[in-house]
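Work through the exercises below with the model open. Try each task before you read its solution.

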There are 2 protein chains.
Amino acid sequence: MTEQENKTIDKREQILDVAEDLFSLHGFEAVSVREISKAADINIAMISYYFGSKEKLYEEVVIRKLTTSDKIIDVISKQEKYADKLYAIIDLYIDRFFANRKLNNIIFREMALGQRTEMTELITERLFQNFQIISEVIKKGIKSGEFNKVDVELTATTIIGTIKLYTTSTPIVCRILKINESDMSYTNKMKKRLSVYFRELFSNYLEIK
Amino acid sequence: MTEQENKTIDKREQILDVAEDLFSLHGFEAVSVREISKAADINIAMISYYFGSKEKLYEEVVIRKLTTSDKIIDVISKQEKYADKLYAIIDLYIDRFFANRKLNNIIFREMALGQRTEMTELITERLFQNFQIISEVIKKGIKSGEFNKVDVELTATTIIGTIKLYTTSTPIVCRILKINESDMSYTNKMKKRLSVYFRELFSNYLEIK
DNA sequence: GTCTATATATGGATAGAC
DNA sequence: GTCTATCCATATATAGAC
């Protein structure tokens, strides 16, 4: 790879990062390519040059992180008990949701709009896989006799729904937990607290004592 | 009230209903006043006439349903056990979230944007009240010895988070539950299922046996 | 690859006739 | 209250010079 090619990729990534920030903060329609070009410190024409259009840029912002390969199977296989498998997945999802907060904002807004496009199909597919993984573990746990017979789908949505609320509705969550919104140091404490909470919740609901 | 006044109120309400639909479907920025006026079958100039601006119209769409008085206190007081109080609140919230699906879409999108405006303050305040009511019941239940000592705030967010996922991420939920998205008859079944699920979940987690 | 200048469309809002 | 016509700001996208 030549230095020039490297530079080009950097520029592209730089634009994508800035765009992700802005789209996450204000939504697709509210952000202009002018803003993006200004924030990314590039000429406005470069966005058309690199991506073709604002819409294509938006799609690439979403898709680039959606297609990263999954190492979740490894995480699961390391644990013997189904409960531990589940908790390992939950911890992984907590990490991911907090790390990809911005992208999640974009994704779930797109979901809420509920318009069928190529992109929403891709997102739905991806989120569905997450649910499938959780559901599978719970189902197998039930079959093995380790878990109670519970509503598998709703249990899975409780996990996603609760974590999602924490990463996409910051103002209200900060209000509830009496945290200063500008103080982002709470993230780690929050992740730990969520992790502990799910263990307590499901050790009562799921695990047969 | 004269007939003319009545007609005016109807027109206003009509515009507000149509606007709520469109804002919920596409978001504030993506909807033009031209679209709204067309869909509401009124002249475009009437929106300025009635509301002053697009933004004011948007605010009124949100605020009009946010200021309805609460009968939640009645619902709680009818129940003796804290568990039954909690389940009564949950059922009420399930009803409300499903009934106000469109508005919730708008509200939580506004939350996700996380920009401090007069309106978001109002929304945050309102949502916070919901959390407070749930939290209070759980706290009192713990104090009375009826409930286990749990993470009160996270338990409350699980309730809201799970219900919210069902009403704001329809495509993925339909996918999970293997429901046809266009078939809206599932709503009642879904509400019942959620209600039963929360009872099972919390009878294990909260209630001391 | 990078820039300026511009074509073109669409948006919100309102002046002024009725 | 209702409408048409129009103003003006801002948007995306691109042609063409360098």
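**Exercise 1.** Which side chain meets B:Arg193 in a salt bridge?

*Solution.* This is a predicted model: local features need pLDDT of at least 70, side-chain atom pairs count only at pLDDT 80 or more, and totals for chains, interfaces and linings use all residues. Residues are numbered from 1 along each chain as its sequence is written, chains are lettered from A and ligands numbered from 1 in the order in which they are written, and side-chain values use heavy atoms, with hydrogens and water left out.

- Start with the criterion: a salt bridge is a side-chain nitrogen of Lys or Arg within 4 Å of a carboxyl oxygen of Asp or Glu.
- The partner is A:Asp151, at 2.8 Å from N to O.
- Between chain A and chain B, the count is 6 salt bridges.

**Exercise 2.** Describe the interface between chain A and chain B.

*Solution.*

- Count the residues in contact (heavy atoms within 4.5 Å). Chain A gives 48 and chain B gives 47.
- Take the buried area, meaning the accessible area (1.4 Å probe) that two parts lose on being put together, summed over both. It is about 4,600 Å², and carbon and sulfur atoms give 62% of it.
- Look for the top three on chain A. A:Leu154, A:Arg175 and A:Tyr197 supply 13% of the area that chain A buries against chain B, more than any other three residues.
- Add the polar contacts: pairs of N or O atoms within 3.5 Å; within protein, one must be able to donate a hydrogen and the other to accept it, and residues adjacent in sequence count only if both atoms are side-chain atoms. Between the chains, 17 residue pairs are in polar contact, both at pLDDT 80 or more.
- Assign the elements. Helices (H or I, at least four residues) and strands (E, at least two) are DSSP runs, numbered from the N terminus. On the side of chain A that touches chain B, α9(A) gives the most, with 11 residues.
- Sort that side by class. Ala, Val, Leu, Ile, Met, Phe, Trp, Tyr, Cys and Pro count as nonpolar, Asp, Glu, Lys and Arg as charged, and the others, Gly among them, as polar. The split is 22 nonpolar, 15 polar and 11 charged.

**Exercise 3.** Is A:Asn105 buried or exposed, and what does its side chain reach in chain B?

*Solution.*

- Locate A:Asn105 in helix α7 of chain A.
- Apply the scale: buried means under 20% relative accessible area, exposed over 50%, partly exposed in between (1.4 Å probe, protein chains only).
- A:Asn105 has 9%, so the residue is buried.
- Its side chain reaches the backbone oxygen of B:Ala112 at 3.4 Å.
- Set aside neighbours within four places in sequence. A:Asn105 is then in contact with A:Ser24, A:Thr168 and B:Ala112.

**Exercise 4.** Which residues come nearest to DNA strand C, and which part of the strand do they face?

*Solution.*

- A residue is near the strand if one of its heavy atoms lies within 4 Å of it.
- Of the 14 residues around DNA strand C, A:Thr8, A:Met46, B:Val33, B:Arg34 and B:Lys54 come nearest.
- Sugar and phosphate make up 62% of the strand atoms that come within 4 Å of the protein.
- Check the phosphate oxygens. Polar side-chain atoms lie 3.3 Å away for A:Asn43 and 3.2 Å away for A:Tyr49. For A:Tyr50, a side-chain N or O atom is at 3.3 Å.
- α3(A) gives the largest share of this surface, 4 residues.
- By class, the surface has 6 nonpolar, 6 polar and 2 charged residues.
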